[in-house]
Amino acid sequence: MNIVNTKTLDTTNWQHAHGTYGGVVTDLEDVEQCIATICGCEKGTVIYNPNLGLPLKNYMDKPVISVIPELRQVIKMELEYQEPRITVDSVAFRAESGGHAAAHAEPDVTPAERPYSKTANENGFLIIKIAYIFEKVLRTKEVETQWQTI
């Protein structure tokens with residue numbers, strides 16, 4: 001097991017790596033872990049940090065297609081507020097059902113939202129794809145979140 005002495009790190013951007021004992025993530029990995037943590041928590045569920053996370057519960061039991069525009073803005077706003085080292089360039093979504101990517105979409109869905117359909121999202125996962133700028137470089141991160149929709 002490789003335990004890192006945090007006093008010898010040459011960066012101020014670090015935190016303990018999830019799921020490790022003594023592991024540390026720095027710089028880009030630190031930012032990506034923060035994004036995953038924010039997207040993976042329901043806002044208000046972390047007792048000592050109630051503002052951590054996304055308010056996805058507000059969008060539960062609603063068709064994904066009907067809430068996409070508002071959800072994009074909420075995720076962008078929350079990520080930039082909670083992780084001030086990044087600037088969110090775009091937020092996209094991908095739906096999966098039973099571990100398989102959605103293969104069809106409703107005819108009235110715009111091309112940018114084609115991966116969504118009511119049946120493909122039912123009891124499935126919503127994948128949030130975030131394009132963000134960190135240290136003047138555009139990067140992307142996909143985060144899987146459980147989200148039951150109708």
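Helices here are DSSP runs of at least four residues, numbered from the N terminus. With that in hand, we can tour this predicted model, starting from one helix and working outward.

**Helix H1**

Gln 33 is found in helix H1. The helix runs over residues 27-40, and its 14 residues should span 20 Å at 1.5 Å a residue; the end C-alpha atoms are indeed 20 Å apart, so the two values agree. Several H1 residues are buried: Asp 30, Val 31, Gln 33, Cys 34, Ile 35, Ile 38 and Cys 39.

Is Gln 33 buried or exposed? Buried means under 20% relative accessible area, and Gln 33 has 11% relative accessibility, so Gln 33 counts as buried. Leaving aside residues up to four places away in sequence, Gln 33 touches Gln 15, His 16, Ala 17, His 18 and Val 25.

**The nonpolar core**

In soluble globular proteins, nonpolar side chains tend to be buried together. In this model, the largest nonpolar core has 24 residues, and Ile 35, Leu 79 and Ile 130 have the most contacts inside it. At least two core residues come from each of H1, helix H2 (64-82), strand S3 (87-97) and strand S5 (125-134). H2 gives the most to this core, with six residues.

Ile 35 is a good place to look around. Beyond residues up to four places away in sequence, Ile 35 touches Leu 79, Ile 86, Ile 130, Tyr 132, Lys 141 and Val 143.

**A buried lysine**

One of those neighbours of Ile 35 is Lys 141, whose place is in strand S6 (residues 137-146). Lys 141 is buried yet has no salt bridge. Why does Glu 32, the nearest side chain of opposite charge, make no salt bridge with Lys 141? A salt bridge needs the two charged groups within 4 Å, and Glu 32 is 4.4 Å away. Lys 141 still touches Glu 32, along with Ile 35, Ala 36, Ile 128, Lys 129, Ile 130 and Tyr 132, again not counting residues up to four places away in sequence.

**The cysteines**

A disulfide is a covalent bond between the sulfur atoms of two cysteines. With a cut-off of 2.5 Å between sulfur atoms, the count for this model comes to zero disulfides. Two cysteines show how this works out:

| Cysteine | Nearest cysteine sulfur | Distance | In a disulfide |
|---|---|---|---|
| Cys 39 | Cys 41 | 9.6 Å | no |
| Cys 41 | Cys 39 | 9.6 Å | no |

Cys 39 has 1% relative accessibility and therefore counts as buried.

Terms used
Residues numbered from 1 in each chain as written. Predicted model: local features only at pLDDT ≥ 70, side-chain atom pairs only at ≥ 80, totals over all residues. Heavy atoms only, no water. Buried < 20%, exposed > 50% of the residue type's maximum accessible area, 1.4 Å probe, protein only. Expected span 1.5 Å × (residues − 1). Core = buried A, V, L, I, M, F, W, Y, C linked by side-chain atoms within 4.5 Å. Contact = heavy atoms within 4.5 Å. Lys, Arg positive; Asp, Glu negative; His and termini not counted.
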